[in-house]
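Biologist: Before I plan any reading of this protein, could you take me through one sheet and a few charged pairs, step by step?

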Amino acid sequence: MRSLLLAIGTQVLALASLHAHRSPQPSAGESVNLDLTNAEIQWLKDHPKIKLGFDPEWPPFSFYNSNGEAEGLDIDYLAIIGERLGITFETTRWRNWDETNEHLKLGEIDLVSGIHPTDERKRILLFTESYADFPTAIITRLDGPFFTSIPQMKDHHIASPRSYVTTTQLKSGHPQLFLTETDTLLNALQMVSQGKADFSMANLASASFLIRENGLGNLKIAGMTGSGNSLHFGIRRDLPLLHSSVEKALASIQTKDRTKLLADWVYIPRESPNAMRRYAKWIIAGTALTALVLAALCLHNRRLRTELIERRRIEAELRRLNEEKSQFMSMAAHDIGNPLAAIKIDCQTAISRQQKTPGGESSGYQHILKHAQRISNLISSLLDNQPQDPGKIPFQPRSINLVETVNKVVDSYSLIATRKGIHITHMAPEDPDLRIWADPNPVMQVLENLISNAVKFSPPSGTVTVTSSLADDRARVEVRDHGPGITEEDRPHLFGWFARLSAQPTGEESSHGLGLFIVKELMDEMNGKVWVESTPGDGANFIIEFGTRPAPDDLT
């Protein structure tokens, strides 16, 4: 409820601000003793022109008006500082903050305004005291949810300006977020307004200004991150005398003058009673709007209660159906085991008889027996775990020899490959004792799916190369084929559930679109990685990586 009232209050403030007039600017030329040192005075005399950089698309702090003139809170502060120090600030009009930031890193800017200190920036800049501090707001559409913390946004799409400190913090602290970087804050807010992103984060004053001035009436302030956004002037580290001079000039601006500067750009100015009467109609309208919203909220809550009851009924029905599905899977897995056991017995009998016959060949039966044993192991795991967690196979990680495991899978698919005239080779490392910490069953499932796909999509008489190696304490297996490769259109769906891609098997084999989904799920469960390198028309190289040491969860 507090967040809702905050959002409504912001809209009322925006309406009132449309009729606000700028207050007189504090006198820049008033006599002020800055107590500058002789060294500072001489430096300023030798360097009367200072190269200034700022964000050209960041109102109300810095922007260009329709006449191409720089305006904003930062510009007003710098006008006073320049007058008191006897210097002028020269500007080059860059397109956006990202471009300004690049010139800043190249040392082409002496002083930059509206910048927040970070460890990276402190390596190239000296910072003054803060001259403004605003909370960081979360902006969504009016029909969007309210947020109280960043982790709540993990399944949402965020738009944020490139090189902004909030963007940098999101990328480093919350890499799981789906983040799109834009050229300007206005671009980010427009993406949210148009439904191309779910939310954005920005300085509250700047976000409110842009929403109001650009008619983005379908946006709201949905919450605060809890972190502030203090603004400072940054001066190149090799200009300490400029830094100390600007610091003294900034400190000389009195509180009453700072309040006037802020009132010009952020707050509703205090005017005559007539002016307050002009605002009264907006305040009354805002109050009426609040009452209407609260009434609508009550009706909405009543509808939500009805929907909640229906949702609970549907969830109970889904649980019942899921239990029936699990029971069916248990029965099916159990019943499949009976004919499978018969196949194993028949194979073992045939192998025994052929081994007693001189010149008897039993390799074909050996392959059948290996595959039957693999299916039997999977069914046993499913049945053993069914009462505890239906549908999920438990992992029992231990130290296993990856080279031996790869050899087993390559050997089991050699006959299938031979029928298509395809040759499978395994390039093993010099040290055959390459060990990983994993459950052998899911590891074999992953390798079987990748090698099976490579054979399935390779042209007749082709080759499939499997390479095992060790890189940076990570064991790696690469499965390379010479099939059609992966198109750019197929890449986003590659590891999807029942994904049907454009490539087709070369020997009329069946393809259900589950194999790579299973690979991705199993690798994620084993804290491994899987990705593909492919050029369309030149085959694909699927790469998987495993840890060679137990994960902390495995040890506990």
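Modeller: Gladly, with the caution that this is a predicted model. A starting point is Asp257, which is buried, with a relative accessible area of 3%.

Biologist: Which residue forms a salt bridge with Asp257, and is that residue buried or partly exposed?

Modeller: The closest N and O atoms of Asp257 and its partner Lys256 are 3.3 Å apart, and the two form a salt bridge. Buried would require a relative accessible area under 20%. Lys256 has 48% relative accessibility, so Lys256 counts as partly exposed.

Biologist: Arg258 also meets an acidic side chain in a salt bridge; how many residues apart in sequence are the parts that this pair ties together?

Modeller: The side chains of Arg258 and Glu129 meet at 3.7 Å, N to O. Arg258 belongs to helix α10 (residues 255–265), whereas Glu129 sits in the loop between β7 (125–127) and β8 (132–141), so the salt bridge ties together parts whose separation in sequence is 129 residues.

Biologist: For Lys520 and Asp524, whose side chains meet in a salt bridge, what separation do they have along helix α16?

Modeller: Their N to O distance is 2.8 Å. Lys520 counts as partly exposed at 27% relative accessibility, and Asp524 is partly exposed as well, at 39%. Because they are four residues apart in helix α16 (residues 515–525), the separation is about one helical turn.

Biologist: Turning to the open sheet of five strands, which are its edge strands?

Modeller: The order of this open sheet is β14-β16-β17-β19-β18, with mixed pairing. A strand at the edge pairs on one side only, and that describes β14 (423–427) and β18 (529–534).

Biologist: Which side chains along β18 point to one face and are buried?

Modeller: In a regular strand, side chains alternate between the two faces of the sheet. Along β18, Lys529, Trp531 and Glu533 point to one face and are not buried, while those that point to the other face and are buried are Val530, Val532 and Ser534.

Biologist: In which sense does β18 pair with β19, and over how many bridges?

Modeller: Within this pair, Val530 stands opposite Ile544 of β19, and Ser534 stands opposite Ala540. The hairpin has five residues between the strands, and Gly537 takes a positive phi near 90 degrees there. Strands β18 and β19 (residues 540–547) pair in the antiparallel sense, over six bridges.

Note on methods: Residues are numbered from 1 along each chain as its sequence is written. This is a predicted model: local features need pLDDT of at least 70, side-chain atom pairs count only at pLDDT 80 or more; totals for chains, interfaces and linings use all residues. Side-chain values use heavy atoms; hydrogens and water are left out. Two strands pair if DSSP finds at least two bridges between them. Helices (H or I, at least four residues) and strands (E, at least two) are DSSP runs, numbered from the N terminus. Buried means under 20% relative accessible area, exposed over 50%, partly exposed in between (1.4 Å probe, protein chains only). A salt bridge is a side-chain nitrogen of Lys or Arg within 4 Å of a carboxyl oxygen of Asp or Glu.
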